[in-house]
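Biologist: I have a protein model open on my screen and would like to learn how to read it. Could you walk me through it, beginning with the strands?

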Amino acid sequence: LESLIVNGNSIECIEVMAVGDQSAVFPNLTSLQLAGTKISTWTALDPLNSISSLRSLRLRNTPLTNTLGVGEVRSTAIARLPNLEYFNASPITTRERVEAERRYVSTVSRELLLVSSGVNLASERDSSGGEGGSEKQAQLFAKHSQFQLLLDKHKDTMLSLANTGSGSSNQGSIGEEIINVTIRSMAAVSCDMEPLMKRLPRSLKVGRIKTMCAKYFRVDIDLQMLHFRAEGDPFPTELDDAEHSLFYYGVNDGAEILVNEIDVEALEREKARVMEDHSRRVKEQEQHVTVLQSMKKNDQRINALAAEMSQSSV
């Protein structure tokens, strides 16, 4: 079996039976679809790492993914599942994997730092606090089974980045969230303009980008439609909520943002067509009701006539 689709099933976790170093179930499985299941935690997916042949995973509309942004889901899945080459049908580039793994290491490191700080504070008040902190650290390592491997893999590079930004205690983490983006206009009024090459924080909201595009490309904010296209991905993703950030949509370093302009005349024509279709359906329904009422009256007359004839015969 190479492909398995279990969409819509009440699956809460993954269990893989293994014998020795080989997975006893689905040794040739390369594609798995878990959309619409009841997966609610990342640890529920960790056993998938024992299926070394798995290359593609679909994970949508689950309790886990419904509470997170698209970008956060994709980035975390890539970091926690090192064998994946496709996630939700979109290819994973080498650069995207490196960025996702480094971001994951940074996030978990911050969690461990908070726990360690709690241990120190507790130990100053009560000598028993250290044991509780150690337990929390153990729980964190159990929760993030890939952390130690990824830390060893990226430790030298991340230390180098941190030292480069040592002028401020926050520069290292901020620098990791800055991405290079190309913003290109597809609108008729500015499609011949040179694209914008920007370094933007991944926390930047889509609304701010629309403001930037309105000034540079002369496209009204209310008429803008933004999409982003990652390297190697043929299908652009719409940035459809001005309040969500680039990170929410999974915009990574080197991505291209496309600025399109809504065709007002086409929009008006579409509205007119919808109204016309609605009016036609209303008229058809009214005609149908009229026919039914006429048939009902005829039935009543026939029944009345039949009753009179039966009385006359008696």
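Modeller: Gladly! Two strands pair if DSSP finds at least two bridges between them. Helices (H or I, at least four residues) and strands (E, at least two) are themselves DSSP runs, numbered from the N terminus. Here, His227 stands opposite Glu238 in strand 11, and 2 bridges join strand 10 to strand 11, which run antiparallel.

Biologist: What should I know about the model itself before going on?

Modeller: This is a predicted model, in which local features need pLDDT of at least 70 and side-chain atom pairs count only at pLDDT 80 or more, while totals for chains, interfaces and linings use all residues. Residues are numbered from 1 along each chain as its sequence is written, and side-chain values use heavy atoms, leaving out hydrogens and water.

Biologist: How do I read pLDDT, and where does it stay under 50?

Modeller: pLDDT is the predictor's confidence in each residue, from 0 to 100. The protein averages 82, and 84% of the residues score at least 70. The value stays under 50 over residues 119-131, a stretch with 4 contacts (heavy atoms within 4.5 Å) beyond four places in sequence. Residues 164-176 also have a pLDDT below 50, with 6 contacts beyond near neighbours in sequence.

Biologist: Back to the strands. In what order do strands 8 to 12 sit in their open sheet?

Modeller: The order is 9-8-12-10-11, with mixed pairing. Strand 9 (196-201) and strand 11 are the edges, each pairing on one side only. Strand 8 (residues 178-185) pairs with strand 9 in the antiparallel sense over 6 bridges. Strand 10 (residues 224-229) and strand 12 (residues 256-261) are likewise antiparallel, over 6 bridges, and there Leu226 stands opposite Val259.

Biologist: Is Thr182 buried or exposed?

Modeller: Buried means under 20% relative accessible area, exposed over 50%, and partly exposed in between (1.4 Å probe, protein chains only). Thr182 counts as buried because its relative accessible area is 15%. This residue belongs to strand 8 and stands opposite Met197 in strand 9. Its contacts farther than four places away in sequence include Leu196, Met197, Glu256 and Ile257.

Biologist: Which strands form the other open sheet, 1-4-5-6-7 or another order?

Modeller: That order is right: 5 strands run 1-4-5-6-7, with mixed pairing. Its edges are strand 1 (3-5) and strand 7. Strand 5 (residues 56-58) and strand 6 (residues 86-87) are parallel, joined over 2 bridges, with Ser56 opposite Tyr86.

Biologist: What is there to notice about phi at Asn61 and Asn88?

Modeller: Most residues other than glycine have a negative phi. Asn61, in the loop between strand 5 and helix 1, has a positive phi near 50°. Asn88, in the loop between strand 6 and strand 7, also has a positive phi near 50°. Asn61 is exposed at 57% relative accessibility, whereas Asn88 is buried at 15%.

Biologist: Finally, how do I read the largest pocket, and what lines it?

Modeller: On a 1 Å grid over the protein atoms alone, a pocket is an open set of points with protein on both sides within 12 Å along at least five of seven lines, and lining residues have an atom within 4 Å of a point. The largest pocket has a volume of about 590 Å³ (the space filled by probe spheres set on the points, which are joined across faces, edges and corners). Of its 29 lining residues, the closest to the centre are Arg60, Val70, Asn88, Thr237 and Tyr249. Helix 1 gives the largest share of the lining, 3 residues.

Technical notes:
1 Å grid on protein atoms, 1.4 Å probe; cavity = no way out; pocket = protein on both sides within 12 Å on 5 of 7 lines; lining within 4 Å.
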